Amino acid sequence: MRLIGVTGGIGSGKTTLCEFFRRWGAQVIDADGLGREVVEKDPSVLKRLEVAFGRSILNPDGSLNRRRLGRLAFKSSENRLKLNRIVHPPLLKLLKERIKKTKGPGPVIIDAALLGEWNELSAILDFLILVRAKKRTRKKRIGSRWSLREIEERMALQLPAEELAKKADLVIDNDGSLKELEGQAHKAWEMISQHD
Ligand code: ATP
């Protein structure tokens with residue numbers, strides 16, 4: 001089975017690219033979504049997050065306030081590390097279980113912003129695709145989802161595309177139209193559906 005990673009900065013187009021692959025027969029695992037499951041399934045993870053970041057990350061009903069945790073986590077590199085140390089081990093375990101359960105001839109794609117800086121995970125990949133787009137394009141595309149400040153904070157703490165490009169087997173530039181992205185996705189698909 002081929003295990004393909006798709007990474008890139010916030011709003012670069014990872015999910016949009018993966019959606020093309022899904023249509024063509026890939027199984028896509030959304031690592032961010034799994035991160036949510038990890039916290040929901042395992043109360044000890046939530047407890048550790050509370051100890052590390054304080055009660056303000058909880059909603060009045062005791063559930064995780066994701067947005068608040070996200071804001072704190074992207075305030076500094078130390079906070080990012082703290083969060084990763086708590087969430088990555090159970091997330092990697094869940095991801096491996098999910099990978100084992102996937103069936104079918106198509107490649108398995110992992111959509112994860114953190115792949116480039118998560119060595120334990122990138123080590124199990126057969127192929128890594130980086131999607132990149134200029135900051136200006138990304139801000140315009142995701143402006144309605146996040147405040148400009150949140151976008152800036154996240155961008156500042158994510159590895160720059162030049163660094164990620166060194167680790168990637170293929171780089172897809174997504175500053176053009178969706179049609180252009182689809183064309184590049186096609187070429188990538190040819191590579192990953194043949195790649196051993
Ligand atoms: P995040 O890291 O926030 O999950 P992402 O890298 O998964 O983001 P997407 O959600 O795929 O990025 O794309 C961000 C937004 O930009 C979406 O609304 C998507 O529809 C749009 N988008 C992506 N590529 C293009 C494109 N080539 N032309 C126009 N809009 C695009």
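A cavity is a set of grid points where a 1.4 Å probe fits but cannot get out. With that in mind, we can walk through the empty spaces of this predicted model. Rolling a probe the size of a water molecule over the atoms shows where empty space is left.

Let us begin with the enclosed space. The structure holds one cavity of 30 Å³ or more. The largest cavity contains about 40 Å³ of space, and its lining is made up of G8, G9, A113, E117, Q158, L159 and L164. Sorted by class, three of these lining residues are nonpolar, three are polar and one is charged.

Now turn to the open spaces. The largest pocket holds about 1200 Å³ of space. It is lined by 46 residues, and those closest to its centre are D32, R36, A113, W146 and R154. Several elements each give two or more residues to this lining: the helices α1, α2 (31-41), α4 (66-73), α5 (77-101) and α7, together with the strand β2 (27-30). As for the character of the walls of the largest pocket, 20 of the lining residues are nonpolar, 13 are polar and 13 are charged. You may recognise A113 here, since this residue also appears in the lining of the largest cavity.

What takes up space in the largest pocket? The ligand does: the space taken by the ligand is this very pocket. Around the ligand stands a shell of 15 residues, with G13, K14, T15, T16 and N174 the closest. Two helices, α1 (14-23) and α7 (135-142), each supply at least two residues of this shell. The largest share comes from α1, which contributes three residues. By class, the shell around the ligand has three nonpolar, nine polar and three charged residues.

Zooming in further, we can look at individual atoms. In the side chain of T15, an N or O atom lies 2.7 Å from an oxygen atom of the ligand. The side chain of R141 offers another such pair, with an N or O atom 3.4 Å from a nitrogen atom of the ligand. S177 takes part through its backbone instead, where an N or O atom is 3.4 Å from a nitrogen atom of the ligand. How much of the ligand does the protein bury? Taken alone, the ligand exposes 640 Å², and the protein buries 75% of that.

One more stop remains on this tour. The second largest pocket holds about 250 Å³ of space. Among the 13 residues that line it, R80, L81, N84, H88 and E117 are the closest to its centre. Two helices, α5 and α6 (119-122), give two or more residues each to this lining. Of the elements here, α5 gives the most, with eight residues. The lining of the second largest pocket divides into five nonpolar, four polar and four charged residues. Look out for E117 as you explore, since this residue is also found in the lining of the largest cavity.

Notes:
Residues numbered from 1 in each chain as written. Predicted model: local features only at pLDDT ≥ 70, side-chain atom pairs only at ≥ 80, totals over all residues. Heavy atoms only, no water. Near = heavy atom within 4 Å. Polar contact = N/O pair within 3.5 Å; in protein donor to acceptor, adjacent residues only side chain to side chain. Areas by Shrake-Rupley, 256 points an atom, 1.4 Å probe, with all protein chains shown as cover. 1 Å grid on protein atoms, 1.4 Å probe; cavity = no way out; pocket = protein on both sides within 12 Å on 5 of 7 lines; lining within 4 Å. Sits in = over half its atoms within 2 Å of the grid points. Helix = DSSP H or I, 4+ residues; strand = E, 2+ residues; numbered from the N terminus. Nonpolar A, V, L, I, M, F, W, Y, C, P; charged D, E, K, R; others polar. Points joined across faces, edges and corners; volume = space filled by probe spheres on them.
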